[in-house]
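Open the structure in your viewer and keep the selection panel at hand. The tour goes from one selection to the next and says what is there.

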Amino acid sequence: FKRGRPYQVLDGEGHYIENYLSVKGSSFPSGHTWSGFKQAIGLSLIFPERGSEIFSRALQFGESRVIMGAHFPTDTIASRVGSYFALAQLLADDRITATLVDLAKTTRSEIANACQDSGNACRASQPGTPLYISNSIGYYGKKEVTE
């Protein structure tokens, strides 16, 4: 914690500056990435059939923090691991799990009803319609479309 951000501790050529350990910052873990994964986890619990695409977006979001120089890759990886750990702790409680299942069912039902009322508004939720912007997710790997 309190680690300097890349733009604070690296020179223009990507090398660590002298005494870089003395630079205090807020790089580790990435709060934005943590938030992105927290949202992805919630959405994937409601729409597990779209989980791969939802998590692909979360990975892209975290990677954007690295590309812009706000974080090191380990900052975003720590946020992802922390989010998964928090989810595991929630799901370890049967009452919380049952509540999440009930909320997911209710949410899916409400969305299905809304889609029947306005067909075009739900085109993006149809199977086979990709939710991602790009099939490349950088240093995390690659997302391929399956049809």
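The stops below begin with the whole chain and then move to single residues and pairs.

**The whole chain**

Keep in mind throughout that this is a predicted model. Show the chain as a cartoon: it has five helices and zero strands. Read from start to end, the pattern is α-α-α-α-α. Switch on the surface, and about 9600 Å² is exposed, with carbon and sulfur atoms supplying 59% of that area. Of the 147 residues in the chain, 29% are buried. Among contacts between residues at least 6 apart in sequence, 63% join residues at least 24 apart.

**The loop between α1 and α2**

Next, go to the loop that runs between α1 (6-9) and α2 (31-46). Several of the next selections are taken from this loop.

Select Tyr16, Ile17, Tyr20 and Leu21. On the surface these residues form a nonpolar patch, and together they have about 400 Å² of accessible area. Leu21 lies in the loop. Is Leu21 buried or exposed? Its relative accessibility is 65%, and exposed means over 50%, so Leu21 counts as exposed.

Now select Asn19, which is found in the loop between α1 and α2. What is notable about its backbone? Asn19 has a phi near 60°, a positive value in a residue other than glycine. Most residues other than glycine have a negative phi, and most peptide bonds are trans. Asn19 counts as exposed, at 55% relative accessibility.

Move on to Phe28 and Pro29 and show the backbone atoms. The peptide bond from Phe28 to Pro29 is cis, and its omega is near -10°. Pro29 is also found in the loop between α1 and α2.

The last selection in this loop is Lys24. Lys24 counts as exposed, at 58% relative accessibility. Which residues does Lys24 touch, leaving out those up to four places away in sequence? They are Lys2, Gly4 and Gln8. Add Arg3 to the selection: Lys24 and Arg3 are 21 residues apart along the chain, and their C-alpha atoms are separated by 5.4 Å.

**Salt bridges**

How many salt bridges does the model have? The count comes to four. The tour visits some of them.

Keep Arg3 selected and add Asp75. The two form a salt bridge, and their closest N and O atoms are 2.0 Å apart. Asp75 lies in helix α4 and Arg3 in the segment before α1, so the pair ties together parts that are 72 residues apart in sequence. Asp75 is buried, with a relative accessible area of 0%, whereas Arg3 is partly exposed at 33%.

Select Arg50 and Glu53 next. Their side chains meet in a salt bridge, at 3.0 Å from N to O. Arg50 is buried, with a relative accessible area of 10%. Glu53 is buried too, with a relative accessible area of 13%.

Then select Asp93 and Arg95, where the side chains meet in a salt bridge at 3.5 Å, N to O. Arg95 counts as exposed, at 65% relative accessibility. Asp93 counts as partly exposed, at 24%.

**Helices α3 and α4**

Select residues 51-67 for helix α3 and residues 73-91 for helix α4. How do the axes of these helices lie? They come within 8 Å and cross at roughly 145°. The crossing of α3 and α4 is right-handed. To see the contact itself, show the side chains: α3 contributes Phe55, Leu59, Gly62, Arg65 and Val66, and α4 contributes Pro73, Thr76, Arg80 and Tyr84.

**Gln60 and Thr33**

The last stop stays in helix α3, where Gln60 is found. Is Gln60 buried or exposed? Gln60 has 16% relative accessibility, and the limit for buried is under 20%, so Gln60 counts as buried. Add Thr33 and draw a line between the two C-alpha atoms. Gln60 and Thr33 are 27 residues apart in sequence and 9.5 Å apart in space.

Technical notes:
Residues are numbered from 1 along each chain as its sequence is written. This is a predicted model: local features need pLDDT of at least 70, side-chain atom pairs count only at pLDDT 80 or more; totals for chains, interfaces and linings use all residues. Side-chain values use heavy atoms; hydrogens and water are left out. Patches are made of residues with over 30% relative accessible area and no salt bridge: like charges are joined within 9 Å, nonpolar side chains (Val, Leu, Ile, Met, Phe, Trp, Tyr) within 5 Å. Accessible areas come from the Shrake-Rupley method with a 1.4 Å probe; for residues, only the protein chains shown count as cover. Helices (H or I, at least four residues) and strands (E, at least two) are DSSP runs, numbered from the N terminus. Buried means under 20% relative accessible area, exposed over 50%, partly exposed in between (1.4 Å probe, protein chains only). Axes are lines fitted to C-alpha atoms, for helices over the stretch in contact, and angles run from 0 to 180 degrees between N-to-C directions. A crossing is left-handed if the near helix is turned anticlockwise from the far one by less than a right angle, and right-handed if clockwise. Contact means heavy atoms within 4.5 Å.
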